[in-house]
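Colleague: Could you walk me through how to read a model like this one, feature by feature? I'd like the general idea each time, and then the case at hand.

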Amino acid sequence: MAENRRSRLITEGVQRSPNRSMLRAVGFGDSDFTKPIVGVANGYSTITPCNLGLNLLAERAQSALRKAGAMPQMFGTITVSDAISMGTEGMKYSLVSREVIADSIETACNAQSVDGALAVGGCDKNMPGAMMAIARMNIPAIFVYGGTIKPGRYGDRDLTIVSAFEAVGQFSAHKIDEHELFEVERRACPGAGSCGGMYTANTMSSAIEAMGMSLPHSSTMAAEDSEKADSAAQSGNALVNAIHNQLLPRQIMTRKALENAIAVVMAVGGSTNAVLHLLAIAHAAEVPLGIDDFESIRRRIPVLCDLKPSGNYVTVDFHRAGGVPQVMRMLLDRGLIHGDCITITGKTVAEILKDIPTAPPTNQKVIRQWDDPVYAQGHLAILKGNLASEGAVAKIAGIKESSITGPARVFENEESCLDAILAGKIKAGDVIVIRFEGPKGGPGMREMLSPTSSLVGAGLGDSVGLITDGRFSGGTYSHVVGHVAPEAQVGGLIAMVKEGDSITIDARHRALQLNVPDDEIARRRAAWKAPKPRYTRGVLAKYAAQVSSASLGAVTDLGLLRNGD
């Protein structure tokens, strides 16, 4: 495909002259028309610290591309700051932005018939959005991660953005005073980079490195360190080689590569959002992958890394300890990942890892030794039951009790639930239900970091359950279950839960159950009517009309594909 795209500028003679004239205006000379054109998708913005440093990386990559014999053409794409929009109506646009990013990169690259793509992204949805576009286009491509933020410090502890959310709960529970609350807020985010724990951004960057679509070690570098910019330049060189060798994304993003990504997500203790995003990436690449595959991989992969939110360390600590390559080497040695997968470097996973030590350094505790894992099995469990016949996702690391049964405390949106938590109306043993926050019902499947962090801050993280058809931030931990499907808006049983109903969350048996007799459930179903959509115009209305179930990745072209079939 790329050769055909390039040759049209040269061989179609007079018919292509106007096209060449436009390119001359942006810097092409006579000899440049024989060079591969690379689209550089730049997610730079000052909206969020995650993307604050991206322009420098994009320019370094662009310079390297030119030196390697390509003609880079830079264009912008959007971002949404999840942490800034968290707890507001604006958070409904976060998951929507994943689709907008994917669509914009696909549109720009295919409209201009580029020969390759280099995407530079930072915040949570930049990465899956870029990977979805790359998988759809299937032209040589590479992803450059903007890098993690360095931790803030207060007293003797590292801070991340989650520290600020938890401080709100601690303040409301009278565990800290206003002075400490604001000291945490002032210090939590000291500069550029994505949220510093193994939250969604660092989870997805790790997954992309594991599947071979970014350079080794690049997923855990700090945004402000010089090695990050050097890695961007090296990524440009790697992409030019991939173009010349016609190494295509779908040769890299195979079923085996996605299994490697899932294994690494489990081993590093990554975000629940990885389930949603990897399903969407697999769909874009036309790779068969289902929600149950996460559960089967989880059972055989231990959690090897002691990383925030439920652990003690941040991503810069993980990088110093060996990062993703160290974890992958440990998994490869035990036959738990596929070493024969090709990567964007042209080398296989096994070839890349051959010089990585077989065990992590003994003078650190971030990456555990194999015989001393944080948890014996992966932390992202797929729960099913009458409340989630299609599945739900629970992060079961760090919880003291594997099961909780209690009375339902039902809320129709996130805001009313947060108000109740901060007012002290939620008690130990309760099971919170937040519904109509799913892909269609929200719409947009908001993250629930504000309520979950407030529960933890108030000391209720181990004693209160929470289920929702919305999502959780990568910074969430405790007794919480998200992505409940079918969602409330389409008549999932979560829509029919009543205040005081008994609900069981059982991580050990991977069950999510409404403890109500079947005949009562049947009566409720018969009486239920779907609410009207919350939005009838604009991007949220379009999204709600097209989006699939969370159990299928919350993609927006699945229905179109089925109709086409």
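Modeller: Gladly! Let's begin with accessibility: Asp225 has a relative accessible area of 27%, so Asp225 counts as partly exposed. Do keep in mind that this is a predicted model.

Colleague: Where does Asp225 sit?

Modeller: Asp225 is in the loop between α9 (200-210) and α10 (226-245). For a sense of distance, take Arg136: its C-alpha atom and that of Asp225 are separated by 32 Å, with the two positions 89 residues apart along the chain.

Colleague: Thanks. How should I read salt bridges?

Modeller: The general idea is that side chains of opposite charge can pair when their charged atoms come close. In this model the count comes to 37 salt bridges. One of them joins Arg136 to Glu106, with the closest N and O atoms 2.8 Å apart. Arg136 belongs to helix α6 (residues 126-137) and Glu106 to helix α5 (residues 92-111), so this pair ties together parts that are 30 residues apart in sequence. Glu106 is partly exposed, at a relative accessible area of 26%.

Colleague: Which residue forms a salt bridge with Asp292?

Modeller: That is Lys384, and the closest N and O atoms are 3.1 Å apart. The pair links distant parts of the chain, since Asp292 is in helix α14 and Lys384 in strand β7 (residues 380-385), 92 residues apart. Both ends are partly exposed: Asp292 has a relative accessible area of 44%, and Lys384 has 32%.

Colleague: And what about a salt bridge inside one helix?

Modeller: First the principle: an α-helix has 3.6 residues a turn, so residues three or four places apart point the same way. Now the case: Arg329 and Asp333 both lie in helix α16 (residues 323-333), 4 residues apart, which is about one turn of the helix. They form a salt bridge whose closest N and O atoms are 2.8 Å apart.

Colleague: Is Arg329 buried or exposed?

Modeller: Arg329 counts as buried, because its relative accessibility is 14% and the cut-off for buried is under 20%. Its partner Asp333, in contrast, is partly exposed at 39%. Salt bridges can also link up into a network, as Asp82, Asp124, Lys125, Glu447 and Arg471 do here.

Colleague: You mentioned helix α14. How many of its residues are buried?

Modeller: For a question like that, go through the helix residue by residue. In α14, 6 of the 8 residues are buried, so the helix is mostly covered. The buried ones are Ile291, Asp293, Phe294, Glu295, Ile297 and Arg298. Their cover includes α12, α13 (273-284), β7 and β8.

Colleague: Arg298 is a charged residue on that list. What does Arg298 touch?

Modeller: Arg298, in helix α14 (residues 291-298), is buried, with a relative accessible area of 4%. Leaving out residues up to four places away in sequence, Arg298 touches Met266, Gln377, Gly378, His379, Leu380, Ala381, Ile396 and Arg510. Within the helix, a polar contact of 2.7 Å joins the side chains of Arg298 and Glu295.

Colleague: Leu380 is on that contact list. How far is Lys395 from Leu380 in space?

Modeller: Their C-alpha atoms are 4.7 Å apart, while 15 residues separate them in sequence. Lys395 lies in strand β8 (residues 388-395) and counts as buried at 4% relative accessibility.

Colleague: Now the nonpolar interior. Which residues touch the most other members of the largest core?

Modeller: To read a core, look for the members with many neighbours. The largest nonpolar core has 107 residues, and Leu118, Leu278, Phe318 and Leu331 touch the most other members. Helix α12 (residues 255-268) gives the largest share of this core, 10 residues. Apart from it lies another core of 27 residues, including Val433, Val481, Ile505 and Val516.

Colleague: What is Phe318 in contact with?

Modeller: Beyond its neighbours within four places in sequence, its contacts are Met198, Thr220, Val268, Cys305, Leu307, Gly323, Val324, Val327, Val366 and Ile367.

Colleague: Lastly, which residues make a nonpolar patch on the surface?

Modeller: Ile78, Tyr93, Val100 and Val539 make one of about 290 Å². Ile78 is in the loop between β2 (71-76) and α4 (82-85), and at 41% relative accessibility Ile78 counts as partly exposed.

Notes. Residues numbered from 1 in each chain as written. Predicted model: local features only at pLDDT ≥ 70, side-chain atom pairs only at ≥ 80, totals over all residues. Heavy atoms only, no water. Patch = residues over 30% accessible without salt bridge, like charges linked within 9 Å, V, L, I, M, F, W, Y side chains within 5 Å. Areas by Shrake-Rupley, 256 points an atom, 1.4 Å probe, with all protein chains shown as cover. Salt bridge = Lys/Arg side-chain N within 4 Å of Asp/Glu carboxyl O. Helix = DSSP H or I, 4+ residues; strand = E, 2+ residues; numbered from the N terminus. Buried < 20%, exposed > 50% of the residue type's maximum accessible area, 1.4 Å probe, protein only. Core = buried A, V, L, I, M, F, W, Y, C linked by side-chain atoms within 4.5 Å. Contact = heavy atoms within 4.5 Å. Polar contact = N/O pair within 3.5 Å; in protein donor to acceptor, adjacent residues only side chain to side chain.
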